[in-house]
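Work through the exercises below with the sequence and the three-dimensional structure at hand, and try each task before reading its solution.

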Amino acid sequence: MADALKIGVAGLGTVGASLVRIIRERQEKLEISCGRAIEVTAVSARDRTRDRGVDLSGMTWFDDPLDMARNADIDVFVELIGGAGEPARGAVTAALERGLHVVTANKALLARNGVALAALAEEKGVLLNFEAAVAGGIPVIKALRESLTGNTISRIYGIMNGTCNYILTRMEKEKLSFQDCLTEAQRLGYAEADPSFDIEGNDTAHKLAILTSLAFGCQISCDDIYMEGISNITQEDIVAAAELGYRIKLLGVAQRTEGGVEQRVHPTMVPHDTVIAQVDGVTNAVALESDILGDLLMVGPGAGGDATASAVLGDIADIAKSQPGVQTVPALGRPAKTLEPYKRARMRSHEGGYFIRMRVVDRIGVIAAIARRMADNQISLESIVQHSTNGDREAPTKTIIMVTHATTEQSVRDAVNAMESDGYIVKKPQVIRIEKP
Ligand SMILES: NC(=O)c1ccc[n+]([C@@H]2O[C@H](COP(=O)([O-])OP(=O)(O)OC[C@H]3O[C@@H](n4cnc5c(N)ncnc54)[C@H](O)[C@@H]3O)[C@@H](O)[C@H]2O)c1
Ligand SMILES: N[C@@H](CCO)C(=O)O
Ligand code: NA
């Protein structure tokens, strides 16, 4: 039997601690499956004294992950620290430069530095694996870079942030406050170190940028993503969505258009009777449309220690089964130098249906004025609902909820700006895009 594969784990938080425990617990099963033992021989984290509920005996401790990457007696450097900057970036770079394989769950790092790191891994003939970085335990990276080779993908989209989906689900089903749901998601180990990355959409954008590169064979470009988070979503929106037959999900969507590739992250209305609308809690879903295979939908756990460690372990097992010195699968599905430049489609050209909720003053002629602004901008309405009078008796207001047929982002922005300048809107209108599977 081949020598044991020696692993160094940098970062012993939610994911790192789960990984070390699972490797210890499953030694025999892993050895049979991989044809060699997998051993964690080195670890690094910030606090040596902290009890993580895992046995670290026999592992060499490094205070500095960069030191571990440069000097530990390991074959694989596993980065579970997080963040696009230091120490994660320097440690991963040093490990690749030294000719170590790297496994990481760090989407922020890859979204910013993925192409350069992929090129370095190719130059050194080592594997850079990152299944856990997108949609947690769902094997979406493997599907894109291996199983779908040869397909042309036209759209890839999904629920990619467990924290947001957990918050939206509990707000809807249990009428809990946004903040209570977020605190619970943090307690369960789903959220990023800075949870604003989850709720403002950055985490989904990082994941989408990686998927876009794999799906469309282009360079990673996370600064070109249109991004809106869920912090403005209220109970009123959730209830209105339900009345109209929709649920609200934070989606990441990338699709080919005539103008280039559209990448967007925003709260989205999805029809209630679709599978993706039924994906609840920390569960993620990734859907894609391809020309040879057809449509594919993958649903599974998107965050949490064990689910994420499962993906990291799969990546380690692939390395254990690979031939030394032979890089069989390029990190981004094709050699980094063959990736095409990313061509951005303008958000204002986006076409789709829209939900618009507005509080307006309750007086004669307002509905007619709204209808005129819609017609001026070539927007056709699928439905318009007027809710009962609210506001005080002196200045009564009504809530108007509209759903449009397919139109453009530019038309909706122009219509909303025009209505705001008309003077009958009392609060900033809520605009939510509709996505049809
Ligand atoms: N938690 C999840 O559900 C999940 C899912 C998928 C991917 N990820 C990703 O996995 C990575 C780890 O996430 P986590 O939830 O386990 O994070 P965490 O905050 O629980 O753990 C981070 C670990 O890194 C260590 N660390 C932080 N800064 C350090 C430094 N300067 N030097 C040395 N060690 C340092 C900490 O001591 C800790 O052990 C992140 O990239 C995250 O985005 C997490
Ligand atoms: N914070 C992330 C972790 C998984 O990448 C989420 O909630 O989905
Ligand atoms: Na995954």
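**Exercise 1: the surroundings of ligand 2**

The shell around ligand 2 is made up of three nonpolar, five polar and three charged residues. The model in which this shell is found is a predicted one.

Task: State which residues lie around ligand 2.

Solution: Begin with the earlier part of the chain, where the residues around ligand 2 include Gly136, Asn161, Gly162 and Thr163. Go on to Tyr190, Ala191, Glu192, Asp198 and Asp203, which also belong to the shell of ligand 2. Finish with Gly302 and Ala303, which complete the list for ligand 2.

**Exercise 2: the surroundings of ligand 1**

Task: Describe the shell around ligand 1 by its closest residues, its residue classes and the parts of the protein that supply it.

Solution: First, ligand 1 is surrounded by 25 residues, and Gly11, Gly13, Arg46, Gly82 and Ala303 are the closest of them. Second, sorting this shell by class gives 12 nonpolar, 11 polar and two charged residues. Third, turn to the domains: the protein is divided into domain 1 (5-136 + 306-329), domain 2 (140-302) and domain 3 (350-434), and both domain 1 and domain 2 supply at least three residues each to the shell around ligand 1. As for domain 3, its centre and that of domain 1, taken over C-alpha atoms, are separated by 51 Å. Last, the largest share of the shell around ligand 1, three residues, is contributed by helix α1 (residues 14-25).

**Exercise 3: helix α1 and the nonpolar core**

Task: Check whether the length of α1 is as expected or not as expected for 12 residues, and find what covers its buried residues.

Solution: Start with the length: at 1.5 Å a residue, the 12 residues of α1 should span 16 Å, and because the C-alpha atoms at its ends are 17 Å apart, the two values agree. Next, pick out the buried residues of α1, which are Thr14, Val15, Gly16, Ala17, Ser18, Leu19, Val20 and Ile23. These buried residues are covered by elements including β1 (5-10), β2 (38-44) and α12 (305-321). Then look at Val9, which, leaving aside its neighbours within four places in sequence, is in contact with Gly16, Leu19, Val20, Val40, Val43, Val78 and Leu80. Val9 also appears, together with Val76, Leu96, Ala121 and Val312, among the residues with the most contacts inside the largest nonpolar core, which has 139 residues. This fits a general tendency, since nonpolar side chains in soluble globular proteins tend to be buried together.

**Exercise 4: helix α4 and what lies on either side**

Task: Follow the chain through α4 and say which of its residues are buried.

Solution: Before the helix, Pro87 has its place in the loop between β4 and α4, and the peptide bond that joins Glu86 to Pro87 is cis, with omega at about 5 degrees. Within helix α4 (residues 88-97), the buried residues are Ala88, Arg89, Ala91, Val92, Ala95 and Leu96, and what covers them includes β1, α3 (65-71), β4 (76-79) and β5 (101-104). After the helix comes Gly99, with a positive phi near 90 degrees.

**Exercise 5: two residues with positive phi**

Task: Ala135 and Lys175 each have phi near 55 degrees; decide for each whether it is buried or exposed.

Solution: Recall first that most residues other than glycine have a negative phi. Ala135 has its place in the loop between β6 and α6 (140-147), and Lys175 in the loop between α7 (162-174) and α8 (178-187). Now apply the cut-offs, by which 20 or more other C-beta atoms within 10 Å make a residue buried and 12 or fewer make it exposed. Ala135 has 31 C-beta neighbours inside 10 Å and therefore counts as buried, whereas Lys175 has 10 other C-beta atoms within 10 Å and is therefore exposed. To complete the picture of Ala135, leave aside its neighbours within four places in sequence; its contacts are then Val140, Gly158, Met160, Lys207, Asn284, Val286 and Gly302.

Technical notes: Residues numbered from 1 in each chain as written. Chains lettered and ligands numbered in written order. Predicted model: local features only at pLDDT ≥ 70, side-chain atom pairs only at ≥ 80, totals over all residues. Near = placed C-beta within 6 Å. Helix = DSSP H or I, 4+ residues; strand = E, 2+ residues; numbered from the N terminus. Nonpolar A, V, L, I, M, F, W, Y, C, P; charged D, E, K, R; others polar. Domains from an automatic or database assignment. Core = buried A, V, L, I, M, F, W, Y, C linked by C-beta atoms within 7 Å. Contact = placed C-beta atoms within 7 Å. Expected span 1.5 Å × (residues − 1).
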